[in-house]
Each structure stands twice: as C-alpha cells, then as structure tokens.
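Biologist: Please take a close look at a single part of this model and describe what surrounds it. After that, follow the description out to the rest of the chain.

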Amino acid sequence: MRPHTGYQLANLRSYLEDIVGVDHVIGEEEARSRAAVDQYWLTHMWQARGEDVPSPAFIVRPASTAEVAGVMRVCHTYRIPVVPRGGGSGTQGGASTPYGGIVLDLGRMDRIYEIDETSLVLDAQPGINGRVLENLLNERGLMLAHYPSSVDISSLGGYLAARGSGVMSTKYGKAEDMVLSVEVVLPTGEVLDTLAHPNHAAGPGLLQLFVGSEGTLGVITRVRIRLDPIPASRRFQMVTFPGVAEGLEAGRRVMTRRLRPAVMRLYDEGATVKSLQSTGHRVSGVNLVVMTDGEEDLAGAEMAHIERIVTECGGQLAGEAEGAHWWEHRYDFYKPPLQPGYPQLYGTVETVTDYRSILPLYEAKKALLHEKYAAWSPQYTAHFSHWYPWGTMIYDRFYIDSPPESAEEALRLHNQVWADCSRVNLRHGGVLNEHHGIGLKLGWLMSEQSPTGHRLVQQIKDTLDPARIMNPGKLGLAL
Ligand SMILES: Cc1cc2nc3c(=O)[nH]c(=O)nc-3n(C[C@H](O)[C@H](O)[C@H](O)COP(=O)(O)OP(=O)(O)OC[C@H]3O[C@@H](n4cnc5c(N)ncnc54)[C@H](O)[C@@H]3O)c2cc1C
C-alpha cells in the first residue's frame, strides 16, 4: 500500500506527527518541490523546462534516533518510500524522490554528543552542517580534515553516506578512512551499532557496508569520527609542467616515495584556464598546486623533497604565493558565479585508477568527447586531485553550452555522454565514481561495473530491507 491521496495520506501524516510532532511533518507544496531534487543536473533541467518532477508526500524532520526508528517502523509497515536527506548537495540524484514517499530531513539531528580531546574523536548526530561543525572544532584548535568544496551546504552524515573526499584527502584520507563507527536505523526500525573501532579482527566489518550505501540500507543516526589538530604550519607551492604526462609522473614519484602532501592538485590546460585563471592565478599551461602541513620543520622538509622531485620531472616552481592564493580561493570555483549551472549541460565524470592507466584514460576520454560529440562543441577539462600510493583520481568535466531544446533530447544526450565516459573509466580499470556517489544518475551502470558484486549488494538489500522502501531507485537496486 502506497497512500498518495485522501484519508490514507491523512492517516500517514497523523502517524508521523505522533512520532515527531505536528510541526515536523511538512506538506507545503513549495517545500516538497524543493525536497524533490538535490544538485543532479537532470532533475533541474526537467524542472526548469516545466516538466513534472515527482515530489515527496511529506518532509519529516526527526530529532532523535528513537524518532527515526519510529518513522521507519511506520514506513516499513505501510510500504512508504523513505529518502534520507542531509544537505541535499549531492550531484547524483541520491536525495531526489523519483518514487515519492517521504523525505527524512536530518537537519534537526545536529547535536554534538562529545568532542574527545584526548583521543581526538567526535561523537555527533549526522545532520550537522559541515561549516558549522568546522567552526566549532576550529575554536578548540581541531578540524575534521574532510574539506569538500560543498562544506557550506552538506552534512556529516552525507559525507559518509556518499563516501566523500575533501581537498586534503591525499594526507588525511577520505570520509570512509576517518570514520570509527556509526549507529544505523535499519529499514525495519531496528538500531545497529557497528563495533566501537574500525580496526579489528572480530569478524567482517559492517561499518563499511553502511558507509557509501547512500541511504539504501538504513539511516546513519550517529557518527564517531577521527579529528585532527589544526596544523602548526602550512607550506605551499605552484609548479608549472610542460604537459600532463610530466605532472602525473611527478605526482606518482611523490606518492610512491611515500611523501604525504595534504594537497596535490594537477590542472590540465583547460582546467588551468577555467579554475585557476578565473580565480585570479597568473599561471598558464599545466599546473600543480602542492600543500604540505604539520610541524614547521617537517612541513618545510617535506616541501623541499617535493620541490626536488617535481623539478626532476621538468616542473618549474611558480612560487609559494600562487599556492597560498589557491588555498584562500579553493572554494570559489564551486560557487556562483563561477560554478556552472543550467541551462549549460555539464557533468563531472570523475574516477580513480592506477598510475599505469591514468594517462591513457584521460587521453581516451578527452578524444571521445571531442570526436563523438563534436557537433555539440563540448569543452573538456581535468584536474587530478586525490592521490594514493597506487594511483590517482581524475576530476574531469564536460561542458556543452547549448544542449538540445527538448527536455527529452537533452536527457538523452546527458545520459549518452555519461554512459560513454563511464565506460571509458571502466575500460581503463577505473570505477564509476571516486567520491560523488552513484545515486540515480549512475545506478543503471552498476551491474556493468561488477555484475556479481551488484547482485550481492541486491541480496544484502533484500535481507535488510525486505519491503524495499529505503531510497528506491538508487544504486541501481531493484524496486
Ligand atoms: C558545489 C559542490 C561541490 C562539491 N564538492 C564535493 C567535494 O569536494 N567532495 C565530495 O566528496 N563531494 C562533493 N560534492 C558532492 C556532495 O556535496 C557530497 O556528496 C556530500 O557528501 C553530500 O552530503 P549531503 O549532506 O549534502 O548529502 P545529501 O545530498 O543530502 O545526500 C547524499 C546521499 O546520502 C544519503 N544520506 C544523506 N544523509 C544520510 C544519513 N544520515 N543516513 C543515510 N543516508 C544519508 C542521501 O539519501 C543521498 O543518497 C559537491 C557538491 C556540490 C554541489
């Protein structure tokens, strides 16, 4: 039963109000239409062209784990789709509501239980906004070293649910590397605590099952996550390379020699123009920004090593001031007026692969876009921003300034470009996405990425969520 009208809908509302209070079940049309979408380009294009976008029946705003559990029990009983929502900043349609139901807005769950300044651990509810959290931590000389470009508009729970990467992930790790344990309300309303620590030999780790599950397996209601001290010093450098190959080789040598810069970001020519020049940098060509941090002598020594390596690889030092300018303006490109937006058709077709495959992958995707889609005059830019000892992530974007007029044609072109680019990623040993998640956008390609793996995830889903109510349509899981 999926009540959409009449007394069934009113009944559902009263059951939910009984749990969270009348003020926290919202049914106004404008709020429902805002909660129907996140930052997924397709839904915005669809809405902007006056087409119908399915919206939730209600937005429900719980304040506690017990309230989330109560809501889940009602929705499980009556088979109501539930879409958890943090900041709604996801770009993959993960928080969109293609099958209606309710949006579980976690914004009221923003309590900090404890900041353990001995072990450097935060214990908090998931709905806290990234910027608010960062400011609170900074007052104590601490930071959550996860700094996504969306820090102002996203939540702690969203960082984990979508396995995000912040600008300093090369040294501090991704969100999934920082988290120690989570509390999850399962689709049936039961509450699960994962083991207190992620490093154990006490059976399979359930923590990582829920991290990255994008609200399809349960609701993350409590997070224990590692903090770091604000570093005593930060050192910067900008390096100009003759080409992308030389820059990638320099990055590979830095990482395989086990140096740990906090930031290493290599911009190709196009990204230098779009992201660096537009934010006031005076560089052209291919450029690498580097930041080391920590105790002053260590950060200085690490930077000196890196400068030697990049010079060996043909890099020319463009100066510390250019690097420091980058840090000050690192979010500008991701905000208006520089951030792209509808009616431009654009997408970040990012992935991660090993050092042998990354250059061929970049060249193949660039060629594909320029050759197959020449009629649409696409632009393609790339930077390489999250580095591992074995490989690196490519954050590459396509831009089409004048997509087709018809909503359906624009949708078709969007999906074609995404499928082509994702298949280039998979052919070069990449994955569908390194940090933006899968959501609605890439769900249909999940079984191509790993047929057996996807079948196993489906079986887990069917065990945890027999009514299939949690975030339906996401991760390519069956309805
Ligand atoms: C301008 C811009 C810049 C961005 N930069 C970055 C970046 O640098 N790094 C990065 O990693 N990402 C980036 N993103 C993507 C996005 O901000 C991240 O994925 C972020 O972690 C999502 O958090 P959120 O709170 O907004 O989640 P939402 O968008 O609300 O939700 C994302 C997914 O997680 C689920 N979810 C949310 N909270 C919970 C919960 N408590 N329990 C269970 N499921 C939940 C939702 O159902 C949805 O499937 C960017 C996005 C934009 C628009």
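Modeller: Apart from neighbours within four places in sequence, L413 is in contact with L345, P403 and P404. The model is predicted, and L413 belongs to helix α15, which covers residues 407-427. L413 counts as partly exposed because 16 other C-beta atoms lie within 10 Å, while 20 or more would make a residue buried and 12 or fewer would make it exposed. R257 stands 156 residues away from L413 along the chain, and 43 Å separate the C-alpha atoms of the two.

The domain assignment helps to place these residues. It divides the protein chain into domain 1 (6-107), domain 2 (111-229), domain 3 (233-334) and domain 4 (345-441). Between the centres of domain 2 and domain 3, taken over C-alpha atoms, the distance is 28 Å. Where these two meet, 7 residues of domain 2 are in contact with 8 residues of domain 3. The side of domain 2 that touches domain 3 is made up of 3 nonpolar, 3 polar and 1 charged residues.

Next comes the interior. In soluble globular proteins, nonpolar side chains tend to be buried together. The largest nonpolar core here has 109 residues, and those that touch the most other members are V60, V82, I102, L104, L160, L288 and V290. There is also a second, separate core of 6 residues, with L432, I438, L442 and L475 among them. As for V60, its contacts beyond four places in sequence include I102 and L104, together with L16, V20, H24, V25, V71 and D105.

V82, another of the residues that touch the most other core members, leads to strand β3. From β3, V82 and P84 point one way, V83 and R85 point the other way, and all are buried. Strand β3 runs parallel to strand β4 (residues 102-105), and 4 bridges join them. Within this pair, V83 stands opposite V103 in β4.

Strand β3 also takes part in the surroundings of the ligand. There are 39 residues around the ligand, of which G86, G94, G157, G158 and G164 come nearest. Two or more residues of this shell come from each of β3 (82-85), α6 (156-161) and β10 (219-226). The element that gives the most is α6, with 4 residues. By residue type, the shell around the ligand holds 12 nonpolar, 23 polar and 4 charged residues.

Technical notes
Residues are numbered from 1 along each chain as its sequence is written. This is a predicted model: local features need pLDDT of at least 70, side-chain atom pairs count only at pLDDT 80 or more; totals for chains, interfaces and linings use all residues. A residue is near a molecule or strand if its C-beta atom, placed from the backbone, lies within 6 Å of it. Ala, Val, Leu, Ile, Met, Phe, Trp, Tyr, Cys and Pro count as nonpolar, Asp, Glu, Lys and Arg as charged, and the others, Gly among them, as polar. Two strands pair if DSSP finds at least two bridges between them. Domain bounds come from an automatic or database domain assignment. A nonpolar core is a set of buried Ala, Val, Leu, Ile, Met, Phe, Trp, Tyr and Cys residues joined through C-beta atoms within 7 Å.
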